[in-house]
Amino acid sequence: MKLAMPITLITVVGVAGWVATTWLRIKNGYPLDGAWGQAVYPKNDQEAIERVRLLSQENAQLRAELGSVKDRLANIEKIVVDDSHRLTAEIDALRGPSN
């Protein structure tokens, strides 16, 4: 009777640890392993290939959009900087020559 309690406790803790580990793997997107270490998910490589293709497409689109945003920002910076210098020069011209 005294030996059964620690064995039961060790078994329960081991199973709870396995469940917690599996839950964390699922939650964070890690592939699950079968009894012999083979991957359970994704079930075929075609699915993984399609996912990589779609992510690569999205990555290319986002890079193109980022490039256009950088170009627009550069144009806005030119306008802001050029207008402030032009405005200062016009104000100085209106003041007339300093005596």
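A residue counts as exposed when its relative accessible area is over 50%, as buried when under 20%, and as partly exposed in between. Keep that scale in mind as you look at this predicted model, because R95, at 65%, is exposed by it. Here is a friendly tour of two helices, two salt bridges and a nonpolar surface patch, with an annotated region along the way.

**Helix α1 and what follows**
- Helix α1 takes in residues 4-27, and its 24 residues should span 34 Å at 1.5 Å a residue.
- The end C-alpha atoms of α1 are indeed 34 Å apart, so the expected span and the model agree.
- After α1 comes G29, a residue with a positive phi, near 85°.

**Helix α2 and the annotated region**
- Helix α2 is made up of residues 45-95, and V80 is one of the residues in it.
- According to UniProt, in an unreviewed entry, residues 45-79 carry the annotation "coiled-coil region".
- In the model, that span of residues 45-79 is 100% helix and 0% strand.
- From one end of residues 45-79 to the other, the C-alpha atoms lie 51 Å apart.

**Salt bridges**
- How many salt bridges does the structure hold? There are two.
- One joins the side chains of E50 and R53, with an N to O distance of 2.5 Å.
- E50 and R53 are three residues apart in helix α2, so about one helical turn separates them.
- Both partners are partly exposed: E50 has a relative accessible area of 32%, and R53 has 41%.
- Another salt bridge links D92 with R95, where the closest N and O atoms are 3.7 Å apart.
- That 3.7 Å separation falls within the 4 Å cut-off for a salt bridge.
- D92 and R95 also sit three residues apart in helix α2, which means that about one helical turn lies between them.
- Is D92 exposed, partly exposed or buried? With a relative accessible area of 43%, D92 is partly exposed, whereas its partner R95 is exposed at 65%.

**Nonpolar surface patch**
- Which residues form the nonpolar patch on the surface? They are L73, I76, V80 and V81.
- Together these four residues offer about 360 Å² of accessible area.
- V80, a member of the patch, has a relative accessible area of 54% and is therefore exposed.
- A residue needs over 30% relative accessible area to join a patch, and V80 has 54%.

Conventions. Residues numbered from 1 in each chain as written. Predicted model: local features only at pLDDT ≥ 70, side-chain atom pairs only at ≥ 80, totals over all residues. Heavy atoms only, no water. Patch = residues over 30% accessible without salt bridge, like charges linked within 9 Å, V, L, I, M, F, W, Y side chains within 5 Å. Areas by Shrake-Rupley, 256 points an atom, 1.4 Å probe, with all protein chains shown as cover. Helix = DSSP H or I, 4+ residues; strand = E, 2+ residues; numbered from the N terminus. Buried < 20%, exposed > 50% of the residue type's maximum accessible area, 1.4 Å probe, protein only. Expected span 1.5 Å × (residues − 1). UniProt positions renumbered as here; feature names shortened; annotations may be inferred.
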